[in-house]
Amino acid sequence: MKKHLLLWVWLIVLSPVVIYAQSVKPTINSTLSGKVIDDKTKAALPGAVVHIKGTTHEVVTDENGEFDFITGQKLPYTLAISYVGYKSGEFIAHKNYVEVSLHATTNQLDEVVIVGYGTQRKSDITGSVGTVSKNLLNQPAASFDNLLQGAVPGVAVTQSSSQPGSTATIRVRGGNSISFGNDPLYVIDGFIIYNNNSYANTGASNGVGVNALSTISPSDIESIEILKDASATAIYGSRGANGVVIITTRRGKKSGTEINYSTYFGTQKIKKKLGLLNASQWASLVNDINVSDNKPIIFSDSAIAALGVGSDWQSAAVKDASIQNHELSFSGGDDKSRFLISGNYYNQGGNVVNTGFKRYSARINYERNISERFKIATNVFGSQSVEDKLFGNAYNSINFQSTSFSNLLQLSPVPKIYNEDGTYNTSSPYTATPTNLLQDITKTTNRSYLTRVLANASLEYKIIKDITLKVTSGADLLNTKQNYYSPSFAGSPAGSSTGYSTQGYASVGTANVTTWINENTLTYDHVFQSKHFVNVLAGYTTQHQKDETAVASAQKFPNDLTTFNNLNFASTPVLSTSDARESSINSFLARVNYSYLHRYNVTLSARADGSSRLGANNKWGYFPSIGLSWNASQEDFFSNIKGTFSNLKVRLSAGRTGNSEVPPYSSWAALTPTNYYFSSTLVTGIAPVQIANPNLKWETTTQYNAGADVGFFNNRVNVSFDAYYKKTSDLLLNVPFPLYSGYASSLQNVGSVENKGIEFSISSDNIRSRDLTWKSTLVFAANRNKILSLGKGTEYYFPIAPTGYVSPVIVKVGLPVGTFWGYNTDGLLTAEDVSKGTPVLAGVPQQQGDRKYIDTNGDGVVNTADKHNLGSAQPKFTFGFSNSVNYKNFDLSFFFQGSYGNKIFNFLQQKLELPTLSLNASSTLLDRWSLSNPNGKVPRATNAPVSQVTDRYIEDGSYLKLKNISLGYSFSKGLIEKIHAKQLRLYVSAQNLVTLTKYTGYDPEVNFFDTDNTKQGIDYGAYPSTKTFLAGLNITF
Amino acid sequence: MKKLSILFALGAAASLSCNKLVEQPNSIITNSQFYKTQSDAIAAVNAVYSTLNSDPAGDFPMYGRNLNLLTGNGSDDQIFSQSNTNPDVRALGTATYVPANDRIKKNWQQHYFGISRANVAIDNIPNIAFDTTSRSRLVREAKFIRALLYFNVVRFWGDAPLILHDPASIDVDALKVKRSLKDSVYAQIIADLTDATNLPKTYGAWDKGRATSGAAHALLAKVYVNRKEWDKALAELNTVINGGYGYDLFPNYKDAFQKATKNGIEHIFSVQFETALGAKNSTQNLSTGNFGSFNPSVYPGDLPADSTLYLMYSTDDTRRDVTFFTSQYNAATGQTVDFGAPRLAKFIDYSLSLLTNQSQSGINFPVIRYADILLLQAEVLNELNGGPTAEAYTAINRVRARAHVPDLTTGLSQADFRDSVFVERRKEFIQEGMRWFDLSRRGGTYLYDALKKFPAKTGAAVKDTLFPIPQAEIDLNPLLSQNPGW
């Protein structure tokens, strides 16, 4: 028995368990019938699921345990049979009648789940681990982070914008930190990656950030597990506080060589256009503004009529775009080796001109058992992504200019877009320079190349019977090259990198990030007296990272021919920049898993991490955890109710995890360079920029988790429930300093934040019949975030706002991180309000028809003291609902995802509702107040009224999306045998087909400030959102 | 098998040679590495100057933008512009600002940021071994900037935290201090400037723009004028005028604001700006504040309070068309665009095409011009002698003559002459960071009376003679008291 179990453990470490019969000559048959029985009692097993591997064919046994169906497959093929309470088995069918016997297990949760540094029986798990279902992994996506949306309870994903290749904000159970590092840790085939998008943004180009995760091809992914609670994540100690996403890529199987080709083609369409004024509507608005300024009107009635609709800049800049994906893989293996070679090409056009995203990637996964005790494996992956994005604000810059697209929306509709001869019209009385923004967007180069090579190799050696040594080494090389050229006729973006003002501006930048890792673990695995299952892991790991960036720019080119390719053609150099940073983490880790009869389980883990980034006095942090679980349904007393109540497991865990994601050199008394001029010559100044903090230490999160997994009706319905409480203390916080000290802040460990919440998921087999199956999964999570303390004496602070604006958010004790802060309004000032002297906003002359601000504190004036909490970008709850239906050869899946209670600051709409004499405005202004429209909802036309953060623009960002719907058909054997295919599936799908939301901007999934925790949910003008229609094919030989 | 085991052992051992956790900073300089050589000392002082034209967080610079929001928009010279998106900027233009105003806070921060860098230089440079002449000079330059900034601080806010050293620790409690009395701040300013008067009179070809002995005397004179210590002020003014510094007025008023004539005979101290080449060009907002577009409906950053400002100049006054424009020639269309109302023109860099981005303006911001010294001399003589002396008339008339304006009416009373000097100052220094200081230093309700003439300055009140201490500072340090009325 001992030996048996060991072998079993050994096998799961190596590869998925596969049972094989001897190989036989292929024969052809298109029907299959058979029976599923218990291997001991030989009793029939009704309701067992029989699935042909590599296809979507699936049937369920009838009351006699029998099944039959038309397969259209060429024999032999592998059947996967599963039945609750029995060990799932695989069986190779080589004739048209099969009898399959399954082995009853004492535990029905026999599956193996991938956890940190190994795998674990699902029954023994004590923590909270979520698995992204296969169904969702098959969705087309540019980057795998898109696949996590709504897949696992407690994982919230928000796209920064709809631009192809853009970043996403991922939060597992809410954000712990205020200032740094809220993203989960990624572990890709054992390689630890902390994703930092700033590494992929050199500063040479501008616009929204490039997503470094988009370098990884989602179609290579076999499974994604998300570790959420401390029991599961503490083995990653320092970096486990924000959850861990474990990604396993596809590997070969023993069953001979298989060739798979998948492809899809599609088209993407703009989901929505914003309502803007047309030329004649805008002209009459301009007239109204002039009237309010006591100035003569500019457009006569006949001139207004003659203008007509004018130019529609929004429509001129968008188009339908194509999307395509090709994936070719060869995989296979024999008793000793397994391999997978895959290549992928993905091309997603952008719906805005001159934008898009392309990726080329290749992968080799190989493993070989050199001897019974010795195994080697390697995973090598390389890719290049090419992204053309809209220019605009610099990445993560505070000196933001709006994106070029939102500026385009504001162009006056009066001037023509094109001249008669088809060239761009650059003559407009409403723009500062004789340029055309649509031409700028079309002709400006703003391209990023991301090249990533991720390779690791591992050796496993069984030193003695129960002890295995594993050594893994790997490297992650991420190289970004960015090219930017603003031609001499381009009048935007505003600022120094504009071609028009500089006579051509070119910039090239590179960023190289090299990470290498070495992990050494010893595993001891033993079963005592067939009852006590013990697994002990101990290890030492070390990781080193170096990132280097360089940007060179030049301006004043004699012509636009060489662009960024040769800066020597420029006559005016611009100061070059470069940077280099290094950091290391060394760790010792240990874990003990103990299970008594798979009934009572304990997990103890601990990790000691030393981070170079922290202060000299506090490099090391210690992160222990404990997890307990009890499979109550294994107890004797449970057998009475087992008919309906088939499984019950209770889990409890507690532990500490950490975060040290501050930039390198944060603890030093650092000096930085500045510039000044003497005699018109540049000189360098050097001055302190931060005060030393040798005590800078780990931010620690203490988390408690209680959960239960319940199965009903022979586990046809499974419910999982978790409740958690997290408290993060010693926050890595930029503590505000009195400004007279000369420093705005100092990075210290003060303050605390709590997150608490509940999560549950229900998955059920709604219908399980011979021809029709329907499975669905609902996930739901609610998280509440609150700042408990910001350190002594600090009750609140405002994050730095873009220059020229006040901060729309506040960081305040008692409120969630990043709460919107502004005025309440109540429609418009009425004549009655004016006559009775209702308080109006200080400093702005106001009259009837102007915005009515509320004197919240009742002191008789409306000023900044009346600003208050207007809600936060953090949702009250998030959910996902996925379904898959199979009927004969057809399969249908659909997936809803949503968020409720999150707020969005619609800054773009605010801008569009502040009319000026030169910029276009929102069509909501058609309902502006005037003497002739006394019931108007929007303030009267005035010239550039003051822009205040008000509740009018803090909109409800709740949404429900039909993220994906797809319908497929798998061909029967007879039809495809002529092309020697084993399997062929065709499908059509649509993404983002339906969005229900009250949000008036393009899309409620928006984060202008990327992953900045304090500035979530701000829409300073995003890329328009799209829906996608696809047709695809999947063929296996 | 054995071989493999050995390989494994070797591999594991090699990898156990762990990475060092001690950081070796390669892209920053740390405090302990610096302040060792003469060039370190020079760089430390350059950094002090750079606080005048840049912001640590990439905001607009103090001189060239943020200071003017208080001295220009806060005075009767300017109101807000429709292009001001920040409500707090608009509040300054309408005198409705509150202690939480972020531009008041920004000015406070930028001033103390400069003071802090000066403190660091003054504390560290004396410990560096190099020739004493150069060493003393560098310390005195830092003292000059520290005095300049404290002089602004004490005029804006009155009593103020007097910080003379870098914080010793990161303990916020240790940073909490009370406001020092105005007189103590002035004592420090005078001490620093007195030392700075030992600076060189001029610099070599590569150091134009550094603080000079003349600048120190000139600033000292302004300090004494503010304190109404007329005798001392006169002594300093006479030193500037007769001390062999060679200062004079440019024959053309316009030359005071041209790139070609920067650091010229009239410039006693200027904040340096350049076109392109550095990090400063995109944050240099002197001229984008003035000219943004040929479209008259696109507003620039700053606007004159109303047309009375333009109309107070006689048509012969050459300052009018340097200070304002009402039309501009558009080279792209060959047409002259009429802007309807006068707009501010002083800091437009005409050496750059108007169509190109004026944010690359290379015009210096004049902090002290010789015209200021002459007008102060006229003012001080009038105060000292119970009325204007002939010398006082000569001084003011030199400034008027340069602007092609006839001499001032003779025989004015002391009060009338005083008012005439202030009118002259207003005409001479629009947008040069003077007006609010000139209004507030006359005391009483003078500032309030000037503001309330403008209907747009709805919130004007007597308390405006001092700006409020930023609310966030009081929240962080309750030891700070607020100014009266706020």
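## A tour from core to helix

Start by selecting Leu219(B): leaving aside neighbours within four places in sequence, it is in contact with Ala147(B), Leu148(B), Phe151(B), Leu193(B) and Ile368(B). Keep in mind as you look around that this is a predicted model.

Now widen the selection. Leu219(B) belongs to the largest nonpolar core, which has 222 residues. Together with Ala44(B), Phe144(B) and Ala221(B), Leu219(B) touches the most other members of that core. Next, pick out helix 6 of chain B, residues 132–157: with 14 residues, this helix supplies the largest share of the core. Nonpolar side chains tend to be buried together in soluble globular proteins.

Another core lies apart from this one, so to speak a second stop: select Val172(A), Val187(A), Val244(A) and Ala606(A), which are among its 64 residues.

While you are in chain A, colour by domain. The assignment gives domain 1 as 2–105 and domain 2 as 134–252 + 260–265 + 322–332 + 340–794. Between the C-alpha centres of domain 1 and domain 2 of chain A, the distance is 39 Å.

Then go to helix 4 of chain A, residues 279–292. From first C-alpha to last, this 14-residue helix reaches 20 Å, close to the 20 Å expected at 1.5 Å a residue. Which residues of helix 4 of chain A are buried? Show Ala279(A), Ser280(A), Trp282(A), Ala283(A), Leu285(A), Val286(A), Asn287(A) and Ile289(A). To see what the buried residues of helix 4 pack against, add helix 5 of chain A, 301–307.

Finish on Asn294(A), just after helix 4 of chain A, where phi is positive, at about 60°.

Conventions
Residues numbered from 1 in each chain as written. Chains lettered and ligands numbered in written order. Predicted model: local features only at pLDDT ≥ 70, side-chain atom pairs only at ≥ 80, totals over all residues. Domains from an automatic or database assignment. Core = buried A, V, L, I, M, F, W, Y, C linked by C-beta atoms within 7 Å. Buried ≥ 20, exposed ≤ 12 C-beta atoms within 10 Å, placed from the backbone. Helix = DSSP H or I, 4+ residues; strand = E, 2+ residues; numbered from the N terminus. Contact = placed C-beta atoms within 7 Å. Expected span 1.5 Å × (residues − 1).
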